[in-house]
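Student: I should like to work through a protein model with you, one question at a time. May we begin once the structure is in view?

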Amino acid sequence: MSSLIDALVVAAIVMNGLLAGLFFVFACAITPGFGRVDDATYVQAFRAINRAIVNGWFLLVFFTAPLTALAYAFLGTRSAAIVPTSWAWAGAACAALTLIITAVRNVPLNTQLDRAATRTQVEYRVARERFEALWNRWNLTRTITSAGALVSLVLAGALG
């Protein structure tokens, strides 16, 4: 059981680290860069990213991150292995929150942007205005929760 728990914490750290890194890059580079382009370029580029990101590699990481964190916390709580359960559960909670925020806030905004009318410059501006600030706020929130998951899981693994 101990080797399974060790494998789970490593997998949870790697998957949550990849996710935290992705969201951090959006917060620090992609969205600030997009903030410097015109409305049509912004909407077209964001739509392209939204379509490209839904792929097997991203989905594997996106769903495996909270699943491995939850499995680690659950099995760590029930085993005789030394697992700092408060850190493990904090990591699992942050990982689950990251998934929930993405599913309930960011994905609907992505869908809204994808469906927005963009025949004129005014429609591009309106589509961007309805999307940009909200999406950036929720991305920053999930960046914090995913970083919290990563830090908590690293501490659980190091202290375990």
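Tutor: The questions below concern a predicted model, and they take up its largest pocket, its salt bridges and a surface patch.

Student: Which helix gives the most residues to the lining of the largest pocket?

Tutor: The largest pocket holds about 360 Å³ of space and is lined by 21 residues. The elements that give two or more residues to this lining are α1 (2-34), α2 (39-53), α3, α4 (85-115) and α5 (121-159). The element that gives the most, with 6 residues, is α2.

Student: How many residues of that lining are nonpolar, how many polar and how many charged?

Tutor: Nearest the centre of the pocket lie Asn 50, Ile 53, Val 54, Val 107 and Asn 110. Among these, Ile 53 counts as nonpolar and Asn 50 as polar. For the lining of the largest pocket, the division is 13 nonpolar, 4 polar and 4 charged.

Student: How many residues apart are Arg 128 and Asp 39?

Tutor: The side chains of Arg 128 and Asp 39 meet in a salt bridge, at 3.1 Å from N to O. This pair links distant parts of the chain, since Arg 128 lies in helix α5 and Asp 39 in helix α2; the separation is 89 residues.

Student: Is Arg 128 buried or exposed?

Tutor: A residue is buried when its relative accessible area is under 20%. The relative accessible area of Arg 128 is 7%, so Arg 128 is buried.

Student: Why are Glu 129 and Arg 125 separated by about one helical turn?

Tutor: The side chains of Glu 129 and Arg 125 form a salt bridge of 3.5 Å, N to O. Glu 129 counts as exposed at 55% relative accessibility, whereas Arg 125 counts as partly exposed at 36%. The separation is about one helical turn because, in helix α5, the two residues are 4 residues apart.

Student: Which residues are joined into one network by salt bridges that share partners?

Tutor: The count of salt bridges in the model comes to 5. Those that share partners join three residues into one network: Asp 39, Arg 128 and Glu 132.

Student: What is the area of the nonpolar surface patch that includes Leu 59?

Tutor: Leu 59 lies in helix α3, residues 56-78. With a relative accessible area of 34%, Leu 59 is partly exposed, and a patch residue needs over 30%. Together with Val 54, Phe 63 and Leu 67, Leu 59 makes a nonpolar patch of about 380 Å².

Terms used
Residues are numbered from 1 along each chain as its sequence is written. This is a predicted model: local features need pLDDT of at least 70, side-chain atom pairs count only at pLDDT 80 or more; totals for chains, interfaces and linings use all residues. Side-chain values use heavy atoms; hydrogens and water are left out. Patches are made of residues with over 30% relative accessible area and no salt bridge: like charges are joined within 9 Å, nonpolar side chains (Val, Leu, Ile, Met, Phe, Trp, Tyr) within 5 Å. Accessible areas come from the Shrake-Rupley method with a 1.4 Å probe; for residues, only the protein chains shown count as cover. A salt bridge is a side-chain nitrogen of Lys or Arg within 4 Å of a carboxyl oxygen of Asp or Glu. Buried means under 20% relative accessible area, exposed over 50%, partly exposed in between (1.4 Å probe, protein chains only). On a 1 Å grid over the protein atoms alone, a cavity is a set of points where a 1.4 Å probe fits but cannot get out, and a pocket is an open set with protein on both sides within 12 Å along at least five of seven lines; lining residues have an atom within 4 Å of a point. Grid points are joined across faces, edges and corners, and a volume is the space filled by probe spheres set on the points.
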